[in-house]
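Welcome! Please take a moment with the sequence and the structure below, and then let us walk through some of the helix packing together.

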Amino acid sequence: GGVPPAIDLVLGATAGCLACFITNPLEVVKTRLQLQGELQAPGTYPRPYRGVLRAAVAVCRADGLRGLQKGLAAGLLYQGLMNGVRFGCYSQAEDAGWTRYPGGSVVVGAVAGAVGAIVGSPAYLVKTHLQAQTISAMAVGHQHNHENIFGAFKSIYQQHGVVGLWRGVTGAVPRVTVGSAVQLSTFASAKDWVCEHQWFRKGSWAAVLAAGMVSSVAVAVAMTPFDVISTRLYNQPVNADGTGKLYRGFLDCILQISSKEGLLGLYKGIGAVYFRLGPHTVLSLFFWDKLRNM
């Protein structure tokens with residue numbers, strides 16, 4: 001408390017953006033890993049990307065060092081919109097006393113996350129398209145061939161109107177809802193657990209970092225399948241009328257991936273999801289907390 005909601009919104013957005021700069025390369029890697037071998041049986045396709053580190057090296061070889069910051073502008077826009085709305089909603093609910101009820105913080109976190117995901121969806125769509133784009137030898141998934149972030153928004157809008165900009169949002173809402181709820185519910189308890197076992201001093205940044213890394217395991221396991229579905233729905237090619245050429249929607253996507261790629265297909269890129277989440281969670285909270293205390 002003590003921070004006006006409007007300022008909180010700006011601080012939440014700023015925190016998310018600062019974290020985004022540092023973790024965007026993992027987003028690029030994650031997108032490529034999740035699109036690799038789309039709807040193909042394991043072992044039947046070439047794998048230009050293998051594991052987080054080697055995939056990062058492969059991205060650099062194909063697109064130069066700048067390739068690791070592909071889609072950064074769209075990522076920043078998404079983080080700004082999504083976290084601004086999410087943190088804003090959350091602190092309003094906190095001030096209204098809704099988080100004091102049992103399970104309140106989980107519900108509020110989930111709802112705040114869902115609203116944020118809807119608002120930020122067009123930016124995430126463009127980010128996914130831009131991060132998937134690369135030279136043909138290394139290409140995985142559909143290539144949209146946008147010039148830049150403005151070109152991407154423009155061509156999607158010209159071809160499919162406003163509705164086209166919100167394509168794939170059905171994958172985004174469950175992704176963020178689940179992620180947000182699991183993150184907010186496990187982060188606080190992980191922090192208490194770490195302090196109870198006296199590994200770190202209560203309120204120290206080491207405690208926050210450790211809690212972030214612990215809670216991120218839960219979040220990565222819960223969220224990766226939704227993340228894969230989200231990436232696939234956002235990146236799939238579409239017909240002139242805007243319907244997907246590969247997946248009809250959220251459920252169809254789950255069924256197709258699990259039947260063609262096996263259940264592990266839903267966990268593609270989990271390493272990148274985890275390595276991004278840990279630091280991203282901690283950095284967002286760290287920056288948010290530090291900014292609030294200024």
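## Where H7 meets H8

Phe226, Val228, Ile229, Arg232 and Leu233 in H7 meet Phe250, Cys253, Ile254, Ile257 and Glu261 in H8; contact here means heavy atoms within 4.5 Å. By class, this contact has 8 nonpolar, no polar and 2 charged residues. Ala, Val, Leu, Ile, Met, Phe, Trp, Tyr, Cys and Pro count as nonpolar, Asp, Glu, Lys and Arg as charged, and the others, Gly among them, as polar.

Helix H7 covers residues 205-235 and helix H8 residues 250-261; their axes are 10 Å apart and the packing angle is about 105 degrees. H7 and H8 are therefore roughly perpendicular to each other. Angles of 65 to 115 degrees get that name, while those under 35 count as roughly parallel, those over 145 as roughly antiparallel and the rest as oblique. Axes are lines fitted to C-alpha atoms, for helices over the stretch in contact, and angles run from 0 to 180 degrees between N-to-C directions. Helices (H or I, at least four residues) and strands (E, at least two) are DSSP runs, numbered from the N terminus.

## How far to trust the model

This is a predicted model, where local features need pLDDT of at least 70 and side-chain atom pairs count only at pLDDT 80 or more, while totals for chains, interfaces and linings use all residues. Residues are numbered from 1 along each chain as its sequence is written, and side-chain values use heavy atoms, with hydrogens and water left out.

The predictor's confidence in each residue is its pLDDT, from 0 to 100. The chain averages 90, and 99% of the residues score at least 70. Which element has the lowest mean pLDDT? That is helix H9 (residues 270-293), with 81, whereas H8 has the highest, 97.

## H7 and its other partner, H9

H7 also packs against H9, at an angle of about 135 degrees and with the axes 7 Å apart. That makes H7 oblique to H9. The crossing is right-handed: the near helix is turned clockwise from the far one by less than a right angle, and anticlockwise would be left-handed. Among the residues in contact are Trp205, Gly212 and Asp227 of H7 and Ile270, Pro279 and Lys290 of H9. This contact of H7 with H9 divides into 16 nonpolar, 5 polar and 3 charged residues.

The unreviewed UniProt entry places "transmembrane region" at residues 205-226 and 269-288. Such annotations use the numbering given here with shortened feature names, and may be inferred rather than shown by experiment. Residues 205-226 are 100% helix, with end C-alpha atoms 30 Å apart; residues 269-288 are 95% helix, with ends 27 Å apart.

## H3, H6 and the annotated repeats

The same unreviewed UniProt entry gives "repeat: Solcar" for residues 3-96, 100-193 and 203-294. Residues 3-96 are 71% helix and 0% strand, and residues 100-193 are 76% helix and 0% strand.

Helix H3 (residues 72-95) and helix H6 (residues 169-196) have axes that come within 13 Å and cross at roughly 55 degrees. That makes H3 oblique to H6. Tyr78, Met82, Arg86 and Tyr90 in H3 meet Arg175, Val176, Ser180, Gln183 and Leu184 in H6. In this contact, 5 residues are nonpolar, 2 polar and 2 charged.

Val85 lies in H3 too. Leaving aside neighbours within four places in sequence, Val85 is in contact with Val115, Gly116 and Val119.
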